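Trainee: Could you take me through one part of this model slowly, and then show me how the rest fits around it? I'm new to this, so plain words please.

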Amino acid sequence: MAISWATFIFGPQLQLGNQQPGQTVSVTSVPTSYPNNMPGLARQGAQVYRANGCDYCHTEQVRPAGLGSDLSRGWGLRRSVAHDYIYEEPVLLGDLRVGPDLANAGSRMDTKAVLQRLYEPRSFPGNDRSVMPSYRYLFEVRPIGRNPSPDALVIPTPFTPPAGYEIVPRPAAYALAAYVANLRQDEYLFEVPPPTNALGTNVMLAAKNAPPAGTNAPAASTNIPVAATNAPAK
Amino acid sequence: MSVTEAPNRAAASPQLSRTEIEANGAVPILYLFGGALVWLLLASVLELLASVKLHMPGLLAGSALLTYGRVQAASQSLFIYGFGVPAALGSGLWLLCRLGKTRLAGPGVVTLGTLFWNFAVTAGLWAILRGANTGYAALEFPRAVASVLLIAYLVISVCGIVTFHHRAAAPLYPSQWFVVGALFWFAWIYSTVMGLLLCTPARGVLQASVDWWYQHNLSTVYFGFAGLASIFYFIPKLTRRPLHSRLQAAFAFWMLALVGSWGGIPDGSPLPSWIIGMSVVGTVFTLVPILAVVINLRETTAHSMPSLDANPCLRFTCVGLLFWVIASVQEVVAALPSVGALTNFTWFTVAQRDLFRYGFLAMTMFGAFYYIAPRLAAPKSASPDSLWCPRLYKAHFWLTILGVFIGYISLLAAGLWQGVMLNNSANSFMAVLKSSMTAIRMSTTGPLLFAVGTLVFLLNFAQLLKNNCCPCCQRKGDA
Amino acid sequence: MSQNDKPISATLDTAEPTVGPAEVPIWLLVFLGCLFYWGINFLDGHAGGFNNQVFEPFDSVTEVASLQPYDPVRQQLAMGKDVFDKTCATCHQPNGMGKAGQFPPLAGSDWINAPMPTRIGRIVLNGLSGSVTVKLESGGPPVSLNAAMAPLGDNYDDEHLAAALTYVRQQWGNHGSPVTAEQMKAIRAASAGKHGSWNPDDLMKMPLTDPLAK
């Protein structure tokens with residue numbers, strides 16, 4: 001009893017229990033603090049995510065390169081680590097992938113795309129056999145007033161509302177969309193340094209073309225020129 | 001072996017005084033079991049609904065109450081807290097009375113505790129459907145509900161410990177170790193997670209680690225102990241052979257307690273690799289207690305396995321043991337990193353979990369119930385087992401075993417196929433999904449058959465009670 | 001009940017089960033031992049030294065540390081500090097304040113903070129001797145003293161000198177731009193014919209142009 005408690009509860013608590021944000025690790029940009037706490041609407045959205053049991057079909061953890069195809073599927077730039085979750089409560093890692101992993105959903109979808117997917121997952125091309133339930137109760141189908149609402153969803157046929165009606169998301173839908181569109185794990189950290197390519201060249205340095213001063217964006221390009229050297233002089 | 005050959009160290013005339021002793025616990029134990037059965041029926045109906053929604057997402061999609069995520073959460077919570085823990089308590093308390101040759105201590109307290117427990121589970125179900133779940137798998141009931149559950153559990157288990165304390169002096173039978181171990185274990189793991197997840201949540205991914213630890217302990221150790229207590233008692237008893245080895249049983253008990261609690265962390269999760277490594281090692285080590293149990297019981301029943309037709313308890317218990325071995329070995333295999341790369345986050349792990357719960361725990365508890373219930377409901381009966389309706393019993397048996405089997409095989413196939421397709425990144429996610437849909441559709445027959453089987457069992461139980469009056473009337477009749 | 005249903009046969013409520021005396025089979029204990037050995041090996045390879053910063057697929061903290069990206073800015077500053085601590089701090093002091101009457105301060109010095117390293121590049125290559133006046137940006141009185149600095153052009157290559165100059169130009173509140181090895185190379189080439197140390201007055205007459213400009 002005591003050994004398992006020590007191993008899985010106490011030990012990790014000692015090591016990770018007070019984990020503070022770490023520093024990003026990068027060649028091209030100044031180290032910044034990571035992670036950033038979620039914006040308020042996204043934090044509310046996390047509760048909507050929890051309350052609707054989204055974690056019963058979606059995971060939010062990217063596995064490393066050797067364990068499955070998560071990275072080669074484009075589900076993330078890098079594997080997930082403990083630092084990614086220090087501000088989450090509850091941590092909604094999920095256990096089953098009936099649907100794709102969402103750890104980096106914010107890199108793939110914006111708020112509008114999430115809202116459309118929540119209203120009708122089958123409205124995307126190629127997704128007609130999707131088994132995700134539609135969350136229409138998070139939306140309101142109401143008659144168009146004097147002017148159409150700027151927030152009205154644009155849904156392709158055959159899911160458009162009847163003539164004279166528009167679909168407007170409720171606050172819970174906005175919150176959930178903000179949460180999903182905010183999910184991103186794209187900074188490199190000490191425990192997940194940027195990858196090296198086949199020549200052993202640091203990939204970020206190889207991609208660096210501009211002089212160091214100025215750019216603040218992480219080098220997340222996928223077209224990496226291979227022929228660049230990394231050797232410091234001497 | 002006839003009744004008169006029974007050793008009579010403490011009990012004078014075994015048949016009468018034994019039932020006299022046990023009649024004391026009739027109401028609370030039957031209440032525990034009856035309530036558990038009702039929750040099991042509801043859990044399997046919800047599981048059926050969730051399974052149908054998987055391939056018919058439009059069904060009832062407009063209702064927030066019945067959205068897939070909530071129904072799935074409710075089904076799992078009802079199984080664990082509505083059926084699993086009360087059934088374990090019921091069979092455990094009865095075993096303590098029977099093996100300790102003593103009355104149940106504080107039957108009124110146990111009944112009251114069960115009342116509060118059931119009330120809390122009802123409130124918890126409502127909370128989940130309304131979206132007030134906690135977000136932690138296997139711990140979805142909100143904090144207020146969980147607190148009531150913990151207190152009720154502590155009250156009931158204190159009665160169990162007192163019952164154990166008053167046992168007739170005799171060497172302990174292995175089942176007693178398992179029951180007492182289980183009583184302590186759940187109290188400890190449940191209070192730990194209540195503190196670390198519900199009251200003062202740990203930081204970040206530690207919450208997931210604690211939750212996985214809890215789920216693993218709940219299944220492998222707590223439910224394992226509960227089922228094994230039953231198995232170790234009924235198989236030797238009903239085959240009328242002594243249990244092969246006390247040492248082996250002790251070895252299995254301590255090994256399961258030691259290494260069974262390490263595990264449950266999926267490979268590739270965002271935890272430092274040492275935690276995952278320890279989890280893998282612990283899970284692989286559980287092969288040892290599995291082997292110890294299997295050898296022990298195999299030697300016990302070697303060359304003398306009676307026809308399973310003879311006894312519903314024996315039949316269900318043996319089936320439960322078989323499923324325990326399969327599910328446990330599957331868990332060991334799935335823990336290995338090379339296998340985990342294929343099977344993590346697929347239906348493969350769901351299949352193992354469902355086999356463990358519905359195949360092992362439910363079947364074993366059914367077996368215990370078939371033995372215990374008539375002896376409590378009709379203590380004076382000369383042949384208590386014949387009080388069950390044979391047709392309903394057979395229907396129950398075949399429905400549940402087929403349900404478990406079909407559900408397991410189809411989810412296993414779905415999981416393996418999904419894993420293979422998923423690991424090839426050339427396959428789009430929709431292609432992966434479509435490839436496993438046939439197996440998913442087939443797996444719906446699992447909970448369907450199981451739910452019908454449980455309903456049949458409930459009917460059987462109802463007729464048992466009705467025909468023999470409720471136990472309190474029986475006791476009044478005695479006095 | 002129809003005739004097809006056999007009644008469930010009564011189980012004699014026999015005695016409680018007893019327990020036999022057999023031992024734990026030895027092969028099971030051997031198996032446990034083998035598992036133990038396997039477990040230790042597995043943890044050796046997969047537990048990352050029980051360090052909380054080691055995630056799969058890395059094996060140890062040293063491996064993770066070795067894979068950190070090379071940051072040229074930090075690298076140059078580290079190199080420059082190293083050179084300064086070994087060679088320059090003896091005279092100019094680790095806090096860059098120099099010694100009154102003997103060694104000029106570097107902190108806040110107008111020589112150091114000049115827009116281009118034309119002058120200070122030549123000083124470190126060939127040394128400095130003569131009367132030098134340092135105006136301080138903090139607004140205190142100018143410091144005048146007789147300089148006697150040894151040449152370092154043969155002790156260090158362009159990269160190290162550039163690093164040291166960069167360090168000095170960015171430490172203690174100084175705000176100069178970094179000096180690159182290319183610039184040092186150009187300065188060295190431009191002053192190739194110089195014999196002996198520089199005189200401060202000659203240096204002050206030199207325009208502060210980019211060494212790399214044609």
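Mentor: Let's go straight to helix 4 of chain C, residues 118–126, which is mostly covered, with nine of its nine residues buried. Keep in mind that we are looking at a predicted model. Reading along the helix, the buried residues are T118(C), R119(C), I120(C), G121(C), R122(C), I123(C), V124(C), L125(C) and N126(C). Notice that R119(C) and R122(C) are in that list too.

What covers the buried residues of helix 4 of chain C? Part of the cover comes from two strands of chain C, strand 1 (128–134) and strand 2 (143–149). Helix 5 (158–170), helix 6 (181–190) and helix 7 (200–205) of chain C are also included in the cover. Right after helix 4 of chain C comes G127(C), and its phi is positive, near 90°.

Staying in chain C, go back to helix 3, residues 72–92, and find K81(C) and D85(C). These two form a salt bridge, with their closest N and O atoms 3.0 Å apart. Why are they separated by about one helical turn? It's because K81(C) and D85(C) are four residues apart in that helix. An α-helix has 3.6 residues a turn, so residues three or four places apart point the same way. Are these two buried or exposed, or something in between? K81(C) has a relative accessible area of 37%, so it counts as partly exposed. D85(C), at 41%, is partly exposed as well.

Now for the place where chain C meets chain B. Here 42 residues of chain C are in contact with 58 residues of chain B. The area buried between the two chains is about 4,300 Å², and carbon and sulfur atoms give 68% of that. On the side of chain C that touches chain B, the residues divide into 26 nonpolar, ten polar and six charged. How many salt bridges does the rule find across this interface? It finds zero. For polar contacts, the rule finds one residue pair across the interface of chain C and chain B, counting pairs with both residues at pLDDT 80 or more.

Over in chain B, have a look at helix 11, residues 312–335. This helix has 24 residues and reaches 34 Å from its first C-alpha to its last, close to the 34 Å expected at 1.5 Å a residue. Helix 11 of chain B is mostly covered, with 18 of its 24 residues buried. At its start, a side-chain oxygen of N311(B) comes to within 2.7 Å of the backbone nitrogen of C313(B).

A good residue to click on in helix 11 of chain B is A327(B). Its relative accessibility is 0%, so A327(B) counts as buried. If you set aside neighbours within four places in sequence, A327(B) is in contact with Q352(B), L355(B) and F356(B). Another pair to compare is A327(B) and R353(B): they are 26 residues apart in sequence, and their C-alpha atoms are 7.6 Å apart in space.

Last stop, chain A. It has six helices and four strands, which run α-β-β-α-α-α-β-β-α-α from the N terminus on. Of the 234 residues in chain A, 53% are buried. Among contacts between residues at least 6 apart in sequence, 66% join residues at least 24 apart.

Salt bridges turn up in chain A as well, and the structure holds twelve of them over all chains. One joins the side chains of D70(A) and R97(A), at 2.9 Å from N to O. That pair links distant parts of the chain: both residues sit in the loop between helix 2 (40–51) and helix 3 (105–108) of chain A, 27 residues apart. D70(A) and R97(A) are both buried.

Another salt bridge in chain A brings together the side chains of R122(A) and E120(A), at 3.0 Å from N to O. R122(A) is buried, with a relative accessible area of 17%, and E120(A) is buried too, at 4%. Both of them touch S134(A), which also touches L118(A), Y119(A), P121(A) and, from chain B, A61(B), leaving out residues up to four places away in sequence. S134(A) lies in the loop between helix 4 (111–119) and strand 3 (139–143) of chain A. With a relative accessible area of 9%, S134(A) is buried.

Definitions and conventions. Residues numbered from 1 in each chain as written. Chains lettered and ligands numbered in written order. Predicted model: local features only at pLDDT ≥ 70, side-chain atom pairs only at ≥ 80, totals over all residues. Heavy atoms only, no water. Contact = heavy atoms within 4.5 Å. Buried area = accessible area lost by both parts, 1.4 Å probe. Salt bridge = Lys/Arg side-chain N within 4 Å of Asp/Glu carboxyl O. Polar contact = N/O pair within 3.5 Å; in protein donor to acceptor, adjacent residues only side chain to side chain. Nonpolar A, V, L, I, M, F, W, Y, C, P; charged D, E, K, R; others polar. Buried < 20%, exposed > 50% of the residue type's maximum accessible area, 1.4 Å probe, protein only. Expected span 1.5 Å × (residues − 1).
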